[in-house]
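Here is a short set of exercises to work through with the model open beside you. Try each task before you read the solution under it.

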Amino acid sequence: KDGKPRISYKCRFRDIEQDKIVGQTDALSAADNKLVCPTPASFRLNQIIKVEVSPDSSFWFSVDKNLTFYELPSIHHIEPNAVMAGQRGMIIAHGTGFDCSKTPCGATKCIFTAEDYRITTNGMKINSTMMACEIPIVTQPDETIFNISLNGVDYTQDPINFTFYAPFPI
């Protein structure tokens with residue numbers, strides 16, 4: 001449109017330990033001086049990858065950051081798994097992978113996802129198998145899916161149900 005040739009950037013991934021190329025993808029975007037490089041799904045845990053970018057697949061520029069692939073934490077069960085609608089409290093999530101030496105940690109978050117809303121609350125890592133989460137105030141009875149994040153970005157994918165139930169009639 002503007003008369004400039006369109007450049008199709010490529011992304012390449014090099015295993016640092018083995019010094020070999022382990023994947024290559026097309027960049028999705030080159031807007032605002034940023035490229036989005038989808039990563040292949042074949043990387044192993046704790047593998048350190050160097051990212052390289054090329055405008056023409058003949059000369060590759062090394063990106064200043066390395067990627068390390070890690071396992072998402074997993075929730076086994078929560079206590080409690082239900083509260084009365086409108087009630088505040090805390091949930092204790094029990095699971096594995098809450099260890100920040102193996103997973104990047106930052107802003108610990110908890111998310112409650114229902115059919116028509118999503119609420120994020122603060123969390124607090126207790127140890128490598130437990131995390132505490134604030135229960136949001138939900139005024140109507142509802143079923144939600146509960147997940148956590150140790151870095152505020154990557155959430156667990158465990159289908160843990162959390163219920164906000166109706167008050168009992170007196």
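The exercises below go from the overall fold to the cross-links, the charged pairs and the rings.

A note before you start: this is a predicted model, where local features need pLDDT of at least 70, side-chain atom pairs count only at pLDDT 80 or more, and totals for chains, interfaces and linings use all residues. Residues are numbered from 1 along each chain as its sequence is written, and side-chain values use heavy atoms, with hydrogens and water left out.

**Exercise 1. The overall picture**

Work out how many helices and strands the protein has, and what share of its residues counts as buried.

*Step 1.* Take helices (H or I, at least four residues) and strands (E, at least two) as DSSP runs, numbered from the N terminus. You get zero helices and twelve strands.

*Step 2.* Call a residue buried under 20% relative accessible area, exposed over 50% and partly exposed in between (1.4 Å probe, protein chains only). On that scale, 32% of the 170 residues are buried.

*Step 3.* Now look at contacts, meaning heavy atoms within 4.5 Å. Of the contacts with a separation of 6 or more, 54% are between residues 24 or more positions apart.

**Exercise 2. The disulfides**

Find the disulfides and say which parts of the chain each one links.

*Step 1.* A disulfide is a covalent bond between the sulfur atoms of two cysteines. Search for pairs of cysteine sulfur atoms within 2.5 Å, and two disulfides turn up.

*Step 2.* One of them joins Cys11 to Cys37, with 2.0 Å from S to S. Cys11 sits in strand E1 (residues 10-15) and Cys37 in the loop between strand E2 (20-26) and strand E3 (48-54), 26 residues apart. The torsion about the S-S bond is about -70°, so this disulfide is left-handed.

*Step 3.* Check the two ends: Cys11 is buried at 0% relative accessibility, while Cys37 is partly exposed at 23%.

*Step 4.* Cys110 and Cys133 are also joined, with S to S at 2.0 Å. Cys110 belongs to strand E8 (residues 109-113) and Cys133 to strand E10 (residues 130-135), so the link ties together parts 23 residues apart in sequence. Both of these cysteines are buried.

**Exercise 3. Around Cys37**

Starting from Thr25 in strand E2, list what Thr25 touches beyond its neighbours within four places in sequence.

*Step 1.* Thr25 is buried, with a relative accessible area of 18%.

*Step 2.* Its contacts outside that window are Lys10, Cys11, Phe13, Cys37, Pro38 and Pro40, and two of those names, Cys11 and Cys37, are the partners of a disulfide.

*Step 3.* Follow Pro38 into the loop between E2 and E3. With a relative accessible area of 29%, Pro38 is partly exposed. Leaving aside neighbours within four places, Pro38 contacts Phe13, Thr25, Asp26 and Leu28.

**Exercise 4. The salt bridges**

Count the salt bridges, then say which residues are joined into one network.

*Step 1.* Look for a side-chain nitrogen of Lys or Arg within 4 Å of a carboxyl oxygen of Asp or Glu. There are four such salt bridges.

*Step 2.* Lys10 and Asp26 meet in one of them, at 2.4 Å from N to O. Lys10 is in strand E1 and Asp26 in strand E2, so the pair ties together parts 16 residues apart in sequence.

*Step 3.* Arg14 pairs with Asp19, the closest N and O atoms being 3.4 Å apart, and with Glu52 at 3.0 Å. Glu52 lies in strand E3 and Arg14 in strand E1, so that second pair ties together parts 38 residues apart.

*Step 4.* Glu52 is buried at 9%, whereas Asp19 is exposed at 54%. Through shared partners, Arg12, Arg14, Asp19 and Glu52 form one network.

**Exercise 5. Strands and rings**

Which strands does E11 pair with, and which rings form a cluster?

*Step 1.* Strands pair if DSSP finds at least two bridges between them. E11 (residues 142-149) pairs antiparallel with E8 over five bridges, Ile111 being matched with Asn147.

*Step 2.* Another five bridges join E11 to strand E12 (residues 160-165), again antiparallel. Here Glu143 has Thr163 as its bridge partner.

*Step 3.* Rings of Phe, Tyr and Trp (its six-membered ring) pair if their centres lie within 6.5 Å; planes under 30 degrees apart are stacked, over 60 edge-to-face and the rest tilted. The whole structure has five aromatic pairs. One is Phe162 with Phe164, edge-to-face at 5.1 Å centre to centre and 75° between the planes.

*Step 4.* Both Phe162 and Phe164 are buried, and ring pairs link them with Phe112 and Phe146 into a cluster.
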